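Please open the model in a viewer and keep the selection panel at hand. The tour proceeds by selections, each followed by a description of what is found there.

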Amino acid sequence: MIINLNDAASFLKEHDNYTIITHAHPDGDTLGSGFGLCLALRSMGKKANVINNEELPAKFRFLDVEKQDFEEQTVVAVDIADVTLMGEDMKARYGERVDLCIDHHGANRLFAKLSYVDSGAAAAAEIVAELVELLGIEMNADIADRLFTGISTDTGCFRYANVTPKTHLIAAQLMGYGANAAKINVAMFETKSKTYAVLEKMALESMEFHFDGRCAIITITQDMFDKSGSSENECEGIAALPRQVEGVKVGVTIRERRNGEYKASVRTHDPVDASAICSKLGGGGHRNASGCSLPFTLEEAKSKLLKVIGEAL
Ligand SMILES: [Mn+2]
């Protein structure tokens, strides 16, 4: 059932012993909104943990909070548009029993008992910031750092079209409560591990152009992960690279998974709709940033993508 922001706030007030779950290959928003909500609930005197089925990427470890000991009663999902995005373990454990989903993906599949979805919010963390205010929770620097990280990362450091005046106002308020914006932005956008830098170099070497340079495709193979020492949980930033090339309307990053299947991240410039491209292949997401799974060989995956991209262009 779809609920409004007030209902979501009431729900959080009325329940306790929270398990907050994030999506697989966690990014700054799912983690920032998850850990921010966790600390906010604790400051209301409630018990709350964030559960992840994988180790946090090193750059996000500063968001982590110590686990509490309690019997889980209420499950809240943040920034998760569909159960398939939870990862297999988490989907098996929680897929059918999410009580409340807080999300900003227009394509949210409404898998939770209650869903609050604001597709106008730049980040799930923006929604959590609104909930904190609505609940009358006193914001502090620890919560503010986490929510700021979510907003900053999901907006590419406030550069993308999803940024609204409200995004800036909320970010400004978070800075007022002590969020260390400069430090967070340097850590998120100006710092890369050496293993990632080597992977990025290989990824750029793989770049190829189609449709008179209007589409650029990068391919990352498991072999590249092995040779660079990098891992899938630090490669999110690569998805932004192909679209950075002048004239490119559709930037695609195809990533080989451990099981030999492929996943594509599609980034577009307006008017090309990334979510329309990906939904034709069973995926989805946002207008300028979407993804889909491609259980095919690399050649097949590429030709299926090129076909729908050609239609979109
Ligand atoms: Mn998000």
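The stops below run from the domains to the metal site and then to individual backbone and side-chain features.

**Domains.** The model is a predicted one. Begin by colouring residues 5-189 as domain 1 and residues 194-312 as domain 2. The centres of the two domains, taken over C-alpha atoms, are 26 Å apart. Where they touch, domain 1 contributes 9 residues and domain 2 likewise contributes 9 residues.

**The interface.** Next, display the surface between domain 1 and domain 2. About 750 Å² is buried between them, and 50% of this area lies on carbon and sulfur atoms. Which three residues of domain 1 supply 50% of the area that it buries against domain 2? Select H25, P57 and H105: no other three residues supply more of that area. Sorted by class, the side of domain 1 that touches domain 2 comprises 4 nonpolar, 3 polar and 2 charged residues. A search across this interface returns 0 salt bridges, while 1 residue pair is in polar contact there.

**The metal site.** Now select the manganese ion together with D29, D79, H104 and D154. These residues coordinate the ion, the aspartates through OD atoms and the histidine through NE2, at 2.1 to 2.3 Å. Along the sequence, the spacing of the donor residues is D-x49-D-x24-H-x49-D. Two of the donors, D79 and H104, are 25 residues apart and link distant parts of the chain. To trace this, find D79 in the loop between strand 3 (74-78) and helix 3 (88-94), then H104 in the loop between strand 4 (100-103) and strand 5 (114-117).

**A salt bridge beside strand 4.** Select K113 and D99. Their side chains form a salt bridge with an N to O distance of 3.1 Å. K113 is in the loop between strand 4 and strand 5, whereas D99 is in the loop between helix 3 and strand 4, 14 residues apart. The total for the model is 13 salt bridges.

**Backbone features.** Three loops remain to be inspected for their backbone geometry. Most residues other than glycine have a negative phi, and most peptide bonds are trans.

- Select F158, in the loop between helix 5 (141-154) and helix 6 (165-176). The phi of F158 is positive, near 65 degrees.
- Select F211, in the loop between strand 6 (208-210) and strand 7 (215-220). The phi of F211 is also positive, near 50 degrees.
- Finally, select D270 and P271. Is the peptide bond from D270 to P271 cis or trans? This bond is cis, with omega near 10 degrees, and P271 is in the loop between strand 9 (262-268) and helix 10 (274-279).

Notes. Residues numbered from 1 in each chain as written. Predicted model: local features only at pLDDT ≥ 70, side-chain atom pairs only at ≥ 80, totals over all residues. Heavy atoms only, no water. Domains from an automatic or database assignment. Contact = heavy atoms within 4.5 Å. Buried area = accessible area lost by both parts, 1.4 Å probe. Salt bridge = Lys/Arg side-chain N within 4 Å of Asp/Glu carboxyl O. Polar contact = N/O pair within 3.5 Å; in protein donor to acceptor, adjacent residues only side chain to side chain. Nonpolar A, V, L, I, M, F, W, Y, C, P; charged D, E, K, R; others polar. Donors = N, O, S within 2.8 Å, 3.2 Å for Na, K, Ca; no water. Helix = DSSP H or I, 4+ residues; strand = E, 2+ residues; numbered from the N terminus.
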